[in-house]
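Here are my notes on the model, set out as numbered points. Please read them with the structure open.

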Amino acid sequence: MILRLYMAGAALPFAESESRPCLLLDADEDDVATLESIAALHQLRNEHTSSFKCLAEAESFRRFGAVCSPLFDGVAAAAESDSRSLARSCLIEKVAVLPNAVRCPPREARSVGGKRLLYVGNFGYLPNLDAAQRLACEILPRTRERIASADLTLVGGGRKEALDQLSRLPGVQSTGAVNDLSPQYRQADVAVVPLRAGGGSRLKILEAAANAVPVVATPLAAAGLDLRNDTDLLLASSNDDLAQAAVRVLKDPELSARLVRNARRAVEERYQVEQVSRSIADWTRSALASRLRSR
């Protein structure tokens with residue numbers, strides 16, 4: 001099995017060998033669609049040269065995928081939307097859906113009524129940095145207009161200078177990279193995920209749900225997940241609506257508890273490592289059987 005499309009060329013020597021093995025590609029996401037969304041984000045940020053570079057890279061991935069994907073007996077992506085777009089861009093018939101997975105920690109009682117927003121990510125990745133800047137500069141101030149004691153914790157490494165600058169804003173702190181996220185989730189009262197670009201399915205949302213933290217997210221951030229708006233999480237797009245949704249969660253313990261209960265159940269039923277491992281095993285067996293039949 002090869003992980004990620006950019007590594008797909010490594011299958012070429014095996015594909016051309018006389019004793020050709022069963023070749024599988026776990027692309028995770030459609031890199032073409034992801035790069036195009038990041039190009040659009042660069043445009044929003046008036047970073048036009050970077051936008052053009054992303055579009056050129058997306059076109060390279062499109063051509064590379066169309067050449068390499070037929071080498072494989074099976075191709076998979078982490079979300080249904082990526083599965084469909086990857087099949088189109090790589091000119092293949094079907095892409096399996098194998099979602100990302102998390103382990104649910106033991107349930108434990110959590111205090112409610114706190115006012116801490118949380119965002120976890122690698123801030124060397126533009127969509128995460130953009131989300132952090134949006135949170136610190138736009139969403140948190142709007143939240144503090146309604147809840148003066150609200151604050152924001154940014155957890156993750158990358159772009160230290162940019163994070164240090166955000167940490168100087170009122171109510172914002174940055175931890176840098178941490179070895180254990182559990183304390184951060186225990187101290188959080190709502191995870192806000194205002195992503196405007198990217199692909200795949202969001203581990204940060206699954207992890208928050210698994211750790212009993214209610215989630216507010218953009219539709220794009222939750223697009224790869226089978227989670228329901230106003231039942232498992234709250235969806236909003238604009239800065240005002242995201243802040244309003246965060247305020248709803250922070251001010252309404254019953255809403256917070258309902259979102260936590262439903263989202264945790266969804267993760268336990270569909271996104272735990274054990275369930276996804278079985279799906280991977282089934283996919284692998286099916287591809288291997290198909291390969292054997294074609295000999």
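1. Status and a first residue pair. This is a predicted model. Start with R62, which counts as partly exposed because its relative accessibility is 29%. Its partner is E59: the two side chains meet in a salt bridge, 3.1 Å from N to O. E59 is partly exposed too, at 30% relative accessibility. R62 and E59 sit 3 residues apart in helix 3 (residues 48-68), so about one helical turn separates them.

2. The pair in helix 6. The side chains of K160 and D164 form a salt bridge, at 2.8 Å from N to O. Both residues lie in helix 6, 4 residues apart, or about one turn of the helix. How exposed is K160? Its relative accessibility is 61%, over the 50% cut-off, so K160 counts as exposed. D164 has a relative accessible area of 32% and is partly exposed.

3. The pair in helix 10. E268 and R264 are joined by a salt bridge between their side chains (2.8 Å, N to O). Helix 10 (residues 253-270) holds both, 4 residues apart, about one turn of the helix. Is R264 buried or exposed? R264 is buried, because its relative accessible area of 7% is under the 20% cut-off. E268 counts as partly exposed, at 23% relative accessibility.

4. A shared network, and the total. Salt bridges with shared partners link R4, D28, E29 and D31 into one network. Side chains of opposite charge can pair when their charged atoms come close. How many salt bridges are there by the rule used here? The count comes to 22.

5. D28 again, now for its backbone. D28 belongs to strand 2 (residues 24-28). Its phi is near 70°, a positive value in a residue other than glycine. Most residues other than glycine have a negative phi. D28 counts as buried, because its relative accessibility of 19% is under 20%. The residue therefore combines a buried position with a place in the salt-bridge network and a positive phi.

6. R159, another positive phi. R159 is not a glycine, yet its phi is positive, at about 50°. Where does R159 lie? It is in the loop between strand 6 (151-155) and helix 6 (160-167). With a relative accessible area of 47%, R159 is partly exposed. K160, in helix 6, is exposed at 61% relative accessibility.

7. The cavity. How many cavities of 30 Å³ or more does the structure hold? It holds 1. The volume of the largest cavity is about 60 Å³. Rolling a probe the size of a water molecule over the atoms shows where empty space is left. The lining consists of L118, Y119, V120, Y185, A191, V192, V193, K204, I205 and A208. Strand 5 (116-120), strand 8 (190-193) and helix 8 (203-210) each give at least two residues to this lining.

8. Character of the cavity lining. Which classes do the lining residues fall into? They divide into 9 nonpolar, no polar and 1 charged. K204 is the charged one, because Lys counts as charged.

9. The second largest pocket. Its volume is about 350 Å³. There are 17 lining residues, and the closest to the centre are Y125, N128, G199, R202 and K204. Helix 5 (126-146) and helix 8 are the elements that supply two or more residues to the lining. The lining divides into 5 nonpolar, 7 polar and 5 charged residues. Note K204: it lines the largest cavity and is also among the residues closest to the centre of this pocket.

10. A nonpolar surface patch. Which residues make it? M1, L3 and I280 do, and the patch covers about 290 Å². L3 is in strand 1 (residues 2-3). L3 counts as exposed because its relative accessibility is 52%, over the 50% cut-off.

11. Where to look again. Three places reward a second pass on screen. One is D28, with its positive phi in strand 2. Another is K204, shared by the cavity lining and the pocket lining. The last is R264, buried at 7% and paired with E268.

Methods:
Residues are numbered from 1 along each chain as its sequence is written. This is a predicted model: local features need pLDDT of at least 70, side-chain atom pairs count only at pLDDT 80 or more; totals for chains, interfaces and linings use all residues. Side-chain values use heavy atoms; hydrogens and water are left out. Patches are made of residues with over 30% relative accessible area and no salt bridge: like charges are joined within 9 Å, nonpolar side chains (Val, Leu, Ile, Met, Phe, Trp, Tyr) within 5 Å. Accessible areas come from the Shrake-Rupley method with a 1.4 Å probe; for residues, only the protein chains shown count as cover. A salt bridge is a side-chain nitrogen of Lys or Arg within 4 Å of a carboxyl oxygen of Asp or Glu. Buried means under 20% relative accessible area, exposed over 50%, partly exposed in between (1.4 Å probe, protein chains only). On a 1 Å grid over the protein atoms alone, a cavity is a set of points where a 1.4 Å probe fits but cannot get out, and a pocket is an open set with protein on both sides within 12 Å along at least five of seven lines; lining residues have an atom within 4 Å of a point. Grid points are joined across faces, edges and corners, and a volume is the space filled by probe spheres set on the points.
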